[in-house]
Amino acid sequence: MNVIPVPAEVVPDPSVTFTLRPDATIRSDSAFLGGYLADLLRPPTGYALPVVEVAGAAIELVLLPAAIEGARSNISGISDFPDESYTVEVTAERVTVRGRTEAGLFYGVQTLLQLLPSTVDARTVQDGPWTVPGGRIVDRPRYAYRGAMLDVSRHFFGVEVLKRFVDRLSRYKMNVLHLHLSDDQGWRIAVDAWPRLATVGGASQVGGGPGGHYTKAQYAELVAYAAARHVTLVPEIDMPGHVNAALTAYPELNRDGVAPPPYTGVDVGFSTLGADLDVTYTFVRQVLEELAALTPGPYLHIGGDEALSTSPEDYLAFMNRVQPLVTATGKTVVGWHQIGAADREPGRIAQYWGNTPDPDNDMRAALAKGDRVLLSPANRVYLDMKYDADTRIGLDWAGHITVRTAYDWDPATLLPGTPDVIGVEAPLWTETVETEADIDLLAFPRLPAVAEVAWSPQPARDWPAFRARLATHGPRWTHWGVGFHPDPEIPWP
Ligand code: TNX
């Protein structure tokens, strides 16, 4: 059983195997999922696999009655996500996947795909037999928030790249994609009230390339694509620092009324919005309102990191005015943990990105104020760090991060006390990342490692078993066209 993330409970039945036959059918209580599964299984098997209405199909996808009331998760007191539990039962006659919500059923389908031979991920006809080991799996996530972040500001990536990234996240039961939509080097989302943000602020990136931005229609298309795969988008506009791209587009946002030139380097901490300018808050409010309208998910991320050109007084004044603007849109504030210094907004989430065992004063303030905590410890889950000295791209300020380093830690004991941890997110900053192949290299295999940290119960996880399971996924990534880092601690086939 090589499923990643490892399920909460597995009861094998060694006396039984299921084999998918050429005349097999699929029946599904979810219209989307029946087609989704058939579309994935038809190319490698070459079977017709019709999606039928009559019970007794070889693959049954069953929504349990509680789905009607819209079951919510009770993990960590979080009601922002639905119940994601599922079961998979494999007998000689059929595979039955059951969930209380579409999300749970979707995760059961991911488990089923991983129980099949790795050739199931090929897009051309392969030899069978298409067998699944018998038994029963009962599974649910440890944390409600299991995410990755992609920085589309330092280098821009189009919607097709993001869709494939969403596919890959969702195959490992991750359910959040946080998009870092603005920074000094580029503004990536169209805003009707401030159109030059995208057309002027978006026309740059690290190294001097053309940059780019998402139209509202493109962004909406991505939101829908992700939602079908139970991935929520968390859009980030980073402020009050990291705003050079916005300042280039609108002179009036600058205290001296002069727009700076575009920035294509990689330094941080030189730009700021004026905390004392009225126009700053009109700008922020209108941007947040348009972003909220594009966002069915519960969160808006307002950055707040490395505001090194903003005085501490101005930072507090700015954040204490801006956080309520987020709440006024009906969304919940997420910020890098520096927002812990500012007043607590109800339900606020502080994203911890420290790289030491001891949290700094801002994180201590967040904990003392009772903020919910999203864990992104830089020395564990920063996907932009090199694996080792030979990695051809990446940074190393938080150290080298091997697969084992990304895997071998417990979110419950990272911070002192008993913080309200809602989950784990792996950020991928793109100062050195220019292509989709670069994304793949840094994300694989560390992304699946982080997915297991966030999903699986701690007692079910251990490094020796994980490295053996992970090895069997290499051929799957190759079928996906993902060029991954062949980490030397993994026994690749
Ligand atoms: C720190 S992490 C940053 C980013 C950089 C990243 C590079 C954080 C909140 N800020 O601006 O891209 O390091 O690893």
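This is a short talk on the strands, helices and a few unusual backbone spots of one predicted model.

Hi everyone, and thanks for making time. Please keep in mind throughout that we are looking at a predicted model.

Let's begin with the barrel. Eight strands close up here, and going round, the order is β8-β9-β12-β13-β14-β15-β16-β17. The pairing in this barrel is parallel. If you ignore direction, neighbouring strands of the sheet are turned against each other by 30° on average.

Now let me pick out one pair of neighbours. Strand β9 covers residues 176-180 and strand β12 covers residues 232-239, and five bridges hold them in the parallel sense. If you want a landmark on screen, find V176: its bridge partner in β12 is T232. Packed on the sheet at this place is helix α5, residues 216-228, which touches both β9 and β12. The direction of α5 makes about 135° with that of β12.

Let's go round to β17, residues 420-428. How many of the nine residues of this strand are buried? Eight of them are, so β17 is largely enclosed by the rest of the structure. It has a partner in strand β8, residues 145-151, with six bridges in the parallel sense. There, G147 stands opposite E425 of β17. Strand β16, residues 372-375, is also joined to β17, by four bridges, and these two run parallel as well. In that pairing you will find V373 opposite V421 of β17.

So much for the barrel; on to the other sheet. This one is open, with seven strands in the order β1-β7-β5-β6-β4-β2-β3, and its pairing is mixed. Which strands sit at the edges? They are β1, at 9-20, and β3, at 51-52, and each of them pairs on one side only. For β1, the link to strand β7, residues 130-139, consists of eight bridges, and the two strands run antiparallel. A handy pair to look for is T19, which stands opposite T131 in β7.

Next, a pair of helices. Helix α7 spans residues 278-293 and helix α8 spans residues 312-328; they pack at an angle of about 30°, with axes 10 Å apart. Because that angle falls under the 35 degrees cut-off, α7 counts as roughly parallel to α8. The crossing of α7 past α8 is right-handed. On the α7 side, the contact is made by D278, T280, Y281, V284, R285 and L288. On the α8 side, you have A317, F318, R321, V322, L325 and V326. Sorted by class, this contact of α7 with α8 has eight nonpolar residues, one polar and three charged.

Now for one of my favourite residues, E452. It is found in helix α13, residues 446-455. Is E452 buried or exposed? With a relative accessible area of 0%, E452 is buried. Leaving aside residues up to four places away in sequence, E452 touches V3, I4, P5, V6, Y407, R461, F466 and R469.

Let me finish with some backbone geometry. As a reminder, most peptide bonds are trans, and most residues other than glycine have a negative phi. Here are some exceptions to look at.

Two of them are cis bonds. The peptide bond from G128 to P129 is cis, with omega near -5°, and P129 is found in the loop between α2, 102-115, and β7. The bond from F444 to P445 is cis too, with omega near 15°. You will find P445 in the loop between α12, 436-443, and α13, and α13 is the helix that holds E452.

The others concern phi. L49 is not a glycine, yet its phi is positive, near 45°. The residue lies in the loop between α1, 31-45, and β3. L49 is buried, with a relative accessible area of 0%.

H242 is the next one, with a positive phi of about 55° although it is not a glycine. You will see H242 in the loop between β12 and α6, 244-249. At 2% relative accessibility, H242 counts as buried.

That is my tour. Thanks for listening, and I'm happy to go back to any of these places on screen.

Notes: Residues numbered from 1 in each chain as written. Predicted model: local features only at pLDDT ≥ 70, side-chain atom pairs only at ≥ 80, totals over all residues. Heavy atoms only, no water. Pairing = 2+ DSSP bridges. Axes fitted to C-alpha atoms, helices over the stretch in contact; angles between N-to-C directions. Contact = heavy atoms within 4.5 Å. Buried < 20%, exposed > 50% of the residue type's maximum accessible area, 1.4 Å probe, protein only. Parallel < 35°, antiparallel > 145°, perpendicular 65-115°, else oblique. Left-handed = near helix turned anticlockwise from the far one by under 90°. Nonpolar A, V, L, I, M, F, W, Y, C, P; charged D, E, K, R; others polar.
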